[in-house]
Amino acid sequence: MSKLKSTSIQGSADGPHLLITAGIHGDEFEGIFAIYQLIRQIDASKLHGRLTLLPIANQSAVDQHSRYGEDGKDLARTFPGDPQGSPTEQVAAAVNDLISTADLYIDLHTGGRAMDVYPLSGYGLVKDDAILETQRRMARAIGLPLIWGTSAELDGRSMSAARDAGVAAIYTEYRGPSPCDAIGVKTYVDGCLAVMAEFGMLKQADSIQHPPPVIVEDSRPNSGHMQLCNPSPIKGLFESSVSLGQNVESGDLLGKVIDPLSGKEHQITSKQTGSIIVIRSYPQVDESDALAVILENNENPASPYQLPSC
Ligand SMILES: [Zn+2]
């Protein structure tokens, strides 16, 4: 059975139990450093409720310098896991148990080595109205410039573990490519403290003023599944022509994939109109790897959201 290296801080007064995790993927470091800072910073005598902090959910993936654990599995596709299963399945089962003890849950991610992701907080559009409203409050409080509610039907994820346990949960993304972004770490620390203040776990810190976020809720099946978007037609080298937050129209060039064996270039054009919220940053791609994710405006497909630059 997998043993998680979590830290639990019991406050001096009643309040909710907040769980914050990072390191679900082993190549995403801003959330990991943010949680280590929270472990040093939180004063139990000033805390209402309980805070459980898990900086590295999947140590095996960190050891592999990878999104995947030693068994080749993606922890974020393995929930609810199996305590008798492979290493990643065991970790999933242990994190699943931890999630079920929480009232509120934040899972910190980035795009990792391969992807650059627009800073956002996301949640599943769960059927329970009270939980959904709590998730919206958490997402607003954490202060990232894009809030993205997507299908609650996707399984295997920390968010589906929370959904099944009836726990209000959000995940976050903040850029990705190395080096670890100090502004991203601070943004995550400040954001987690702001969520704690929002739910009465800490006194309101000096509030940081954020511009109003762009809020998108898209309940279409597979919305939020980033790995399905704009797949590479071949194994090769991707050269991007777009940047995060940029608006594109259907038919616009996103980049090209070069076949290193033949030298042939495959142009990658957008099939959607919208804003770029994920772009592949690591050039080497396998066939069907996602190259970009575009946030469509469902209400008015011809008019992309205006995302602030990041
Ligand atoms: Zn991740």
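# Exercises on a two-domain chain

By the distance rule used here, the count of salt bridges comes to 16. The model you are looking at is predicted. Let's work through it together.

**Exercise 1. Find which residue pairs with Asp116 in a salt bridge, and work out why the pair ties together separate parts of the chain.**

Solution.
- Step 1: Recall the idea. Side chains of opposite charge can pair when their charged atoms come close.
- Step 2: Apply the cut-off, a side-chain nitrogen of Lys or Arg within 4 Å of a carboxyl oxygen of Asp or Glu. The side chains of Asp116 and Arg175 meet at 2.7 Å, N to O, in a salt bridge.
- Step 3: Place both residues. Asp116 belongs to strand S5 and Arg175 to strand S7 (residues 168-175), so this pair ties together parts 59 residues apart in sequence.

**Exercise 2. Describe the overall build of the chain, and explain how its radius of gyration fits its length.**

Solution.
- Step 1: List the elements. The chain has 6 helices and 15 strands.
- Step 2: Compare with the globule rule. The radius of gyration is 19 Å, close to the 19 Å that the rule gives for 310 residues, so the chain is as compact as a globular protein of that length.
- Step 3: Look at the extent. Along its principal axes, the C-alpha trace spans about 65 × 45 × 35 Å.
- Step 4: Split the chain. The domain assignment gives domain 1 (7-218) and domain 2 (229-296), and their C-alpha centres lie 28 Å apart.

**Exercise 3. Characterise the interface of domain 1 and domain 2: how much area is buried, and which contacts cross it?**

Solution.
- Step 1: Count the residues that touch. In domain 1, 12 residues are in contact with 11 residues of domain 2.
- Step 2: Find the area. The two domains bury about 1000 Å² between them, with 73% of it on carbon and sulfur atoms.
- Step 3: Name the main contributors. Met115, Asp116 and Tyr118 supply 44% of the area that domain 1 buries against domain 2, more than any other three residues.
- Step 4: Check the polar side. The rule finds 0 salt bridges across this interface, but 4 residue pairs in polar contact.
- Step 5: Assign the elements. Strands S5 (115-124) and S6 (146-150) each supply at least two residues of the side of domain 1 that touches domain 2. S5 gives the most, with 5 residues.
- Step 6: Sort that side by residue type. Its residues divide into 9 nonpolar, no polar and 3 charged.

Notes. Residues numbered from 1 in each chain as written. Predicted model: local features only at pLDDT ≥ 70, side-chain atom pairs only at ≥ 80, totals over all residues. Heavy atoms only, no water. Domains from an automatic or database assignment. Contact = heavy atoms within 4.5 Å. Buried area = accessible area lost by both parts, 1.4 Å probe. Polar contact = N/O pair within 3.5 Å; in protein donor to acceptor, adjacent residues only side chain to side chain. Helix = DSSP H or I, 4+ residues; strand = E, 2+ residues; numbered from the N terminus. Nonpolar A, V, L, I, M, F, W, Y, C, P; charged D, E, K, R; others polar. Rg over C-alpha atoms; globule rule 2.2 N^0.38 Å.
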